[in-house]
Amino acid sequence: MLHTTLSPFLFISLLLFPSNVIGRAPSGPWDQFNYAPDSKSVQPVSIHSTHGTVTSSTSHRTLHAGGNAVVGDVTLRGAGSWVALDFGVEVGGLISMTFPSSGAGDPSASLSLSFTESPMFIRPTSSDDSSFPFAGTNYDGVLPLPSPLPNGLWTQPAFSLRGGFRYLTVVLTKGTGPITFGNVTCSISFMPHVQDLRDYNGYFYASDKTFWDPDFLTKVWYAGAYTVQTNTVPLNTGRMVPFAPQGTWANNATLGVAGPIIVDGDMGIAVPTQFVSTFDLLPTRNALSTMFAAINPKTGALPESGPPLSQQGSDTYHAWTLIGTYNYYLFSGDEDWLKQVWSNYTIAVRFLEGKVDSDIGLMDVTGLRDWARLGGGGINAEGNALLFKVLETASELASYLNLTDLSAAYARNASSIKDKFNEVFWVESVGMYRDNATTTMCPQDANSLAVLYNLTGSTEKDKRVSTGLQANWNNLGPVPPELPDTISPFISGFELQAHFIAGNDDVALDLMRRTWGYMLYTELSVQSTLLEGFTGNGSLAYRYYRGYNNDPAYTSHAHGWSSGPTSALTFYVLGLTVTSPEGRTWQVAPHLEGGVDGAEGGFSTGLGWFGAKWVWDGENITVTIEAPSGTTGVAELRGRRWNLAGGVTHTIVG
């Protein structure tokens, strides 16, 4: 409980900070929780399991600190023998291994490789399914090595790259052996433009006084950051479409107009994660450029996904691309790029505005492809919440380009959508928004977005929605009524923010511990990156009845849209945000409840370093703030507000 009778004080330390410098975040105890490997050539850290006759030159199941190689030469004897090697964290790329000439004890022998993220799918006969969800869970099959086996170094062909795995299983598929191999490495393919994967421009550090692991909040921040890194890939490493035949896979398709490019993320969650952690926004710019390049020049429709899949027909994904345009510009200040895409951007906004029903005053959603939710068509709350955000951010972007009349027009249209949204969807007796005009179901997505985007217009409504959303929870998190038996970290990432905005910090952190705590610690996961989703009882059969053909081996273990806690911890718990492009203006407003008595962290933009630290001792709160010269900001704490200038250290005690 805050003691509001205390008097706050402000101190200014005359310590100047460099501007226009983007550099590595400060080092500290948080570095030990960074999941990114310290080299782009990684080796297994242990042998997970074996079958048949397997011998190794190192101790079985021995783990060594620092990610150094601990698996020496391995010898397989007898057809069907195999060894599962554990890289310790999610990795992705091309495997290399050496075959000493003395190891070719059986010239008729052959080997194959299988790749998996979850230990529950370690098996000699198939990899995780990555090409197509298949009820048998064995669509991809294995990768056979050349036969006869080579002497010396062998490297996996580029087309057969695996984008994500933790476990590599090497199987003696034919012959009796013995076959010896060693020096197994994975050359990491993601983040091709960055040599040092641990070179973050931001950091976060806090101790959780409630959860069983006090380092959970720091760990989940870094897990989200690393997840988005693994989703940042070279241009020519896309899943081939049409899909490879069963028993094979191919990952050598072109993904867009330029690389590197972000995949398996979204523009509402993954981009803020990039911003607060690595400040690696180039892949987002390339992804957005790809979408605008594929716009329908007649209608203004944007594709749901980039090439090679290039799916069409999603009004909500169309909206996310436009919201992502705003996010990218807010974080980067890249005005040259914004001007390049502006014509297509405005046509794309007009496409959604053209779907507004003139009688009802809300968008009629006809492009039904979405995050897998059921329903969503017609006069739908989720779609109209996104349209409101598109128009609101379009107004801001137009103002930054000094297009005053256009900015005002977008703002008027946004205001109209907001009024009609509350008139049509708000259910006073329930204290939530309904999905559409013909149902009583109150969805997780629209209600979370309504609070996040301030469609509610009042703190009272925010709190009522926050309370109503909790009715969907089980012990692992929210089960949305619009997609039963599913927990979606994507939509839950918006709910997480909604609880913070409603002032229910303890509820937000409870949600984080349930949903993301499960993902990070369950033995079903890779325990370093974040699941695409899971079922209400925690199984990996995400979307088993909704397009994924009951195939738990298809669920991704590294999906950027699940990284919501990374930006939420920075923006709300730490309380540090930018309020105009690049942080020319900024805000510090820490959330002080929920089992946390201090936090520190920060991020960089093109203007320089932004940092904050706060400590609550039960009586007083001390907040220290750093920002670049030439910027201005606001600190909000316990009902008080300060206007601050960058370039010096500010310390507020209250």
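According to an unreviewed UniProt entry, residues 285-470 carry the annotation "domain: Alpha-L-rhamnosidase six-hairpin glycosidase". What you're looking at is a predicted model. Within residues 285-470 the chain is 59% helix and 4% strand, and the C-alpha atoms at the two ends of that stretch sit 36 Å apart. Here's a quick tour, starting with the charged pairs and ending with some unusual backbone spots.

**Salt bridges**

- The structure has 18 salt bridges in total, and a few of them are worth a look.
- Asp140 and Arg162 pair up through their side chains, with 2.8 Å from N to O. This salt bridge ties together distant parts of the chain, 22 residues apart: Asp140 sits in the loop between β5 (110-116) and β6 (143-144), while Arg162 belongs to strand β8 (residues 162-174). Both Asp140 and Arg162 are buried.
- Lys355 and Asp315 make another salt bridge, again with 2.8 Å between the closest N and O atoms. The two are 40 residues apart and link distant parts of the chain, with Lys355 in the loop between α5 (335-353) and β13 (364-365) and Asp315 in helix α4 (residues 315-332). Lys355 is buried, and Asp315 is too.
- For a pair within one helix, try Lys339 and Glu335, whose side chains meet at 3.2 Å, N to O. Lys339 and Glu335 are about one helical turn from each other, because they are 4 residues apart in helix α5. As a rule, an α-helix has 3.6 residues a turn, so residues three or four places apart point the same way.
- Glu335 has a relative accessibility of 29%, so it counts as partly exposed; the lower limit for that label is 20%.
- Salt bridges can also join up: Arg373, Glu382, Asp435 and Asp445 are linked in a network of them.

**The nonpolar interior**

- The largest nonpolar core counts 184 residues, and the members touching the most others are Ile95, Met97, Leu113 and Met512.
- Take Ile95: setting aside neighbours within four places in sequence, its contacts include Phe87, Leu113, Phe115, Trp154, Phe165, Leu168 and Val184. Thr155, Gln156, Thr185 and Cys186 are also among the contacts of Ile95.
- There's a second, separate core of 5 residues, and Ala84, Ile122, Tyr167 and Val171 are among them.

**A covered helix**

- Helix α12 (residues 564-574) is mostly covered, with 11 of its 11 residues buried.
- The buried residues of α12 include Gly564, Pro565, Leu569, Phe571, Tyr572 and Leu574.
- Just after α12 comes Gly575, with a positive phi near 85°.

**At the surface**

- Phe132, Phe243 and Leu309 make up a nonpolar patch on the surface, and together they have about 210 Å² of accessible area.
- Phe132 is in the loop between β5 and β6. With a relative accessible area of 30%, Phe132 counts as partly exposed.
- Asp510 lies in helix α11 (residues 505-521). Its relative accessibility is 26%, so Asp510 is classed as partly exposed.
- Measure from C-alpha to C-alpha and Asp510 is 26 Å from Val427, with their positions 83 residues apart in sequence.

**Unusual backbone spots**

- Some background first: most residues other than glycine have a negative phi, and most peptide bonds are trans.
- Val241 and Pro242 are joined by a cis peptide bond, with omega about 0°. Pro242 is placed in the loop between β11 (232-233) and β12 (261-262).
- Another cis peptide bond runs from Pro307 to Pro308, where omega is near 5°. You'll find Pro308 in the loop between α3 (282-293) and α4.
- Met191 isn't a glycine, but its phi is positive, near 50°. Met191 is in the loop between β9 (179-188) and β10 (203-208), and at 3% relative accessibility it counts as buried.
- Arg638 also has a positive phi, about 55°, without being a glycine. Look for Arg638 in the loop between β26 (632-637) and β27 (640-645).

Terms used. Residues numbered from 1 in each chain as written. Predicted model: local features only at pLDDT ≥ 70, side-chain atom pairs only at ≥ 80, totals over all residues. Heavy atoms only, no water. Salt bridge = Lys/Arg side-chain N within 4 Å of Asp/Glu carboxyl O. Buried < 20%, exposed > 50% of the residue type's maximum accessible area, 1.4 Å probe, protein only. UniProt positions renumbered as here; feature names shortened; annotations may be inferred. Patch = residues over 30% accessible without salt bridge, like charges linked within 9 Å, V, L, I, M, F, W, Y side chains within 5 Å. Areas by Shrake-Rupley, 256 points an atom, 1.4 Å probe, with all protein chains shown as cover. Core = buried A, V, L, I, M, F, W, Y, C linked by side-chain atoms within 4.5 Å. Contact = heavy atoms within 4.5 Å.
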